[in-house]
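Colleague: Got a minute? I'd like to go through this one with you.
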Amino acid sequence: MMLLSFLAFHCMGQGRMQATLPDTDTVRVMKEYGIDSMFLSTSRQQMINGCWKELEYRQFDESGNLALERKTRYATDKNNTCDFTPYIEHNRVYKNKKLYREYSRQAACAECEAHPCDLEKQWNSSGKIASQRSYGKCGFKPLVNKRS
């Protein structure tokens with residue numbers, strides 16, 4: 001169990017990161033602040049296969065409005081390791097307080113190349129879908145690259 005419930009440090013003199021650790025040592029929340037204590041982002045992380053993995057991430061613009069929201073889920077398999085845990089992330093990008101783009105990606109590990117999956121959508125400024133593309137269902141099975 002973690003003895004510290006609060007951790008703060010300065011990142012190269014440009015801002016600070018704050019971690020709030022709950023009663024359990026398997027989940028933590030990280031908050032990033034910029035110069036003048038401007039709130040930049042928040043990240044909820046969980047200990048998975050011996051590494052801190054991001055479950056949710058939210059980034060805010062200079063006005064404090066949500067700019068990016070990402071949710072990530074990880075494969076559960078006895079053969080996964082800290083460095084090799086397949087994941088699927090779902091992203092939502094906002095512009096001027098409106099949903100602008102929504103897309104998903106999957107990869108075999110954090111350092112592996114991510115590939116698009118599921119449905120990608122993009123909206124115009126009036127809230128109408130401007131484009132969409134289907135990449136096939138997201139899944140934790142190995143990806144096969146088909147070359148045309």
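Colleague: What pattern does the protein chain follow, read along the sequence?
Modeller: The pattern is β-β-β-β-β-β-β-β-β-β. Keep in mind that this is a predicted model.

Colleague: And how many helices and strands does that make?
Modeller: The protein chain has 10 strands and zero helices.

Colleague: OK, new topic. What share of the residues counts as buried?
Modeller: The figure is 30% of the 148 residues in the protein chain.

Colleague: And the accessible surface of the chain, what does that come to?
Modeller: About 10400 Å². Carbon and sulfur atoms hold 50% of that surface.

Colleague: Which residues make up the largest nonpolar core?
Modeller: Five residues: Ile48, Leu55, Tyr74, Tyr87 and Ala107. In soluble globular proteins, nonpolar side chains tend to be buried together.

Colleague: Take Tyr74 from that set. What does Tyr74 touch, leaving out residues up to four places away in sequence?
Modeller: Three of the core residues are on the list: Ile48, Leu55 and Tyr87. Tyr74 also touches Lys53, Glu54, Thr85, Pro86 and Phe140.

Colleague: Switching to Ala67. Which strand is Ala67 in?
Modeller: Strand 6, which covers residues 66-74.

Colleague: What is Ala67 in contact with, beyond four places in sequence?
Modeller: One group is Gln59, Phe60 and Asp61. The other is Arg92, Val93 and Tyr94.

Colleague: And how far is the Ala67 C-alpha from that of Ser41?
Modeller: The two C-alpha atoms are 9.6 Å apart. Along the chain, Ala67 and Ser41 are 26 residues apart.

Colleague: Last one. Among contacts with a separation of 6 or more, what share comes from residues 24 or more positions apart?
Modeller: Those account for 18% in the protein chain.

Technical notes:
Residues numbered from 1 in each chain as written. Predicted model: local features only at pLDDT ≥ 70, side-chain atom pairs only at ≥ 80, totals over all residues. Heavy atoms only, no water. Helix = DSSP H or I, 4+ residues; strand = E, 2+ residues; numbered from the N terminus. Buried < 20%, exposed > 50% of the residue type's maximum accessible area, 1.4 Å probe, protein only. Contact = heavy atoms within 4.5 Å. Areas by Shrake-Rupley, 256 points an atom, 1.4 Å probe, with all protein chains shown as cover. Core = buried A, V, L, I, M, F, W, Y, C linked by side-chain atoms within 4.5 Å.
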